[in-house]
Every structure is written in structure tokens, then in C-alpha cells.
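Q: Please take a close look at one part of this protein, the sheet and what is packed around it. Where do the strands and pockets sit?

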Amino acid sequence: MQKITVLCVGKLKERFYLDASAEYSKRLQRYCRLEIAELPESRLPEDPSPAQIRQALENEAAAITARLPKGGAVVALCVEGRACSSEELSRRLQELAVAGKTQVTFLIGGSVGLAEEVKRQADWKLSMSPMTFPHHLARVMLLEQIYRAFQIQQGTRYHK
């Protein structure tokens with residue numbers, strides 16, 4: 001069984017995000033060993049300078065790098081990544097499993113994204129959309145898409 005880790009910068013606070021995340025986490029238990037790890041988000045002032053943003057990204061990058069499992073596949077969610085269909089995500093997860101990559105870690109940055117050094121470590125850069133979403137919503141969307149990917153592999157009617 002694949003282990004899927006969603007490594008997130010920032011903590012969910014809003015009840016609706018918590019409920020949605022919990023629902024997909026529960027659904028995914030049948031298909032993978034899911035771990036959601038939350039790392040602290042660096043506090044930034046209302047109008048941060050480029051230097052403050054760079055420092056925040058460096059701090060978050062250190063925390064992310066320390067938590068990356070050895071030997072697994074790393075997928076960074078970032079705007080410059082490549083978008084894919086639900087079917088392609090399903091196929092890629094299946095290909096990773098067949099190739100012996102039983103550990104897949106998805107990275108979701110904080111409100112200012114991910115540091116370039118973290119993106120360079122990724123095996124795959126994935127864009128959810130060219131639109132901008134709150135990073136907390138991105139977590140829910142990612143969990144739903146991972147669930148959908150397993151449903152596609154199972155051939156269920158969930159994915160129409």
C-alpha cells in the first residue's frame with residue numbers, strides 16, 4: 001500500500017477546511033496510508049519586503065527539507081508546475097507504485113509559496129490551476145484529487 005504524505009506549510013483553522021480535509025482523509029484510508037504533516041508558517045508583516053519574503057521561504061524550506069522522507073517521490077505544488085488531468089494523476093501515482101516508489105510526498109507551501117531550492121528537489125512540479133487559490137483550499141483540492149485518482153484506478157463511478 002502506498003504511503004502518501006501531504007506536507008503543508010500552515011495550519012488549517014477554518015472549520016469548513018478542517019471538515020473537508022477530514023472527510024477525504026477518512027475516504028483515503030482504504031487506498032493508502034495517508035499522513036498530513038503541518039509545518040509552521042513564517043509570520044510576515046502586512047506588506048513584507050522581498051528580503052522578508054526570502055527569509056520566510058528559507059525558514060520554511062529548512063523545515064520542509066528536514067521532513068522529506070528518503071527515497072520517495074516528491075511532488076511540489078507550484079504555479080509554474082505542469083497541470084494534469086485527474087486521469088493523468090491517477091496514472092502517475094500508479095506508475096510510481098509499480099516502479100517501487102511506495103512513498104509519495106506532496107508539498108504545499110504557505111501563503112508565499114515554496115522556496116526555489118525546495119522546488120528543485122521535487123521529482124515533479126504540479127500546478128492545480130493557473131488561478132490562485134488559498135493554500136488551505138489547495139490542501140482540500142489535492143486530497144480530493146488523490147482520492148479521485150484511487151477511484152479511477154478502482155474503476156468506480158466516482159469519476160464520471
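A: What follows starts with the sheet, moves to its helices and ends at the pockets.

This is a predicted model. Its sheet is open and has five strands. Read across, the order is E2-E1-E4-E3-E5. The pairing is parallel. E2 and E5 are the edge strands, and each pairs on one side only. E5 covers 124–126. Neighbouring strands in this sheet are turned against each other by 30° on average, with direction ignored.

Now take E1, residues 3–9. In the strand order, E1 stands between E2 and E4. On the E2 side, seven bridges hold the pairing with residues 33–39. That pairing is in the parallel sense. One position to find on screen is Thr5, whose bridge partner in E2 is Glu35. On the E4 side, six bridges join E1 to residues 103–108. E1 and E4 also run parallel. Here, look for Val6, with Phe106 as its bridge partner in E4.

Next come the helices. H1 spans residues 15–28. Together with E1 and E2, H1 makes a β-α-β unit. That unit is right-handed. H3, residues 86–98, lies across four strands: E1, E3, E4 and E5. H3 runs at about 135° to E4.

E3, residues 73–82, leads on to the largest pocket. That pocket holds about 460 Å³ of space. Its lining counts 21 residues. Closest to the centre are Leu77, Cys78, Val79, Gly113 and Phe133. Two elements, E3 and H5 (135–154), each give two or more residues to this lining. E3 supplies the largest share, with four residues. By class, the lining has 11 nonpolar residues, eight polar and two charged.

The second largest pocket holds about 290 Å³ of space. It is lined by 13 residues. Gly10, Lys11, Lys13, Glu41 and Arg43 are the closest to its centre. The lining splits into three nonpolar, five polar and five charged residues.

To retrace the part on screen, start at E1. Follow its seven bridges to E2, then its six bridges to E4. Then find E3, between E4 and E5 in the strand order, and go from there to the largest pocket, where E3 gives four lining residues. Finish at the second largest pocket, with Lys11 and Arg43 among the residues closest to its centre.

Terms used:
Residues are numbered from 1 along each chain as its sequence is written. This is a predicted model: local features need pLDDT of at least 70, side-chain atom pairs count only at pLDDT 80 or more; totals for chains, interfaces and linings use all residues. Side-chain values use heavy atoms; hydrogens and water are left out. Two strands pair if DSSP finds at least two bridges between them. A crossover is right-handed if, with the strands pointing away from the viewer, the path from the first strand over the helix to the second runs clockwise. Axes are lines fitted to C-alpha atoms, for helices over the stretch in contact, and angles run from 0 to 180 degrees between N-to-C directions. Contact means heavy atoms within 4.5 Å. On a 1 Å grid over the protein atoms alone, a cavity is a set of points where a 1.4 Å probe fits but cannot get out, and a pocket is an open set with protein on both sides within 12 Å along at least five of seven lines; lining residues have an atom within 4 Å of a point. Grid points are joined across faces, edges and corners, and a volume is the space filled by probe spheres set on the points. Ala, Val, Leu, Ile, Met, Phe, Trp, Tyr, Cys and Pro count as nonpolar, Asp, Glu, Lys and Arg as charged, and the others, Gly among them, as polar.
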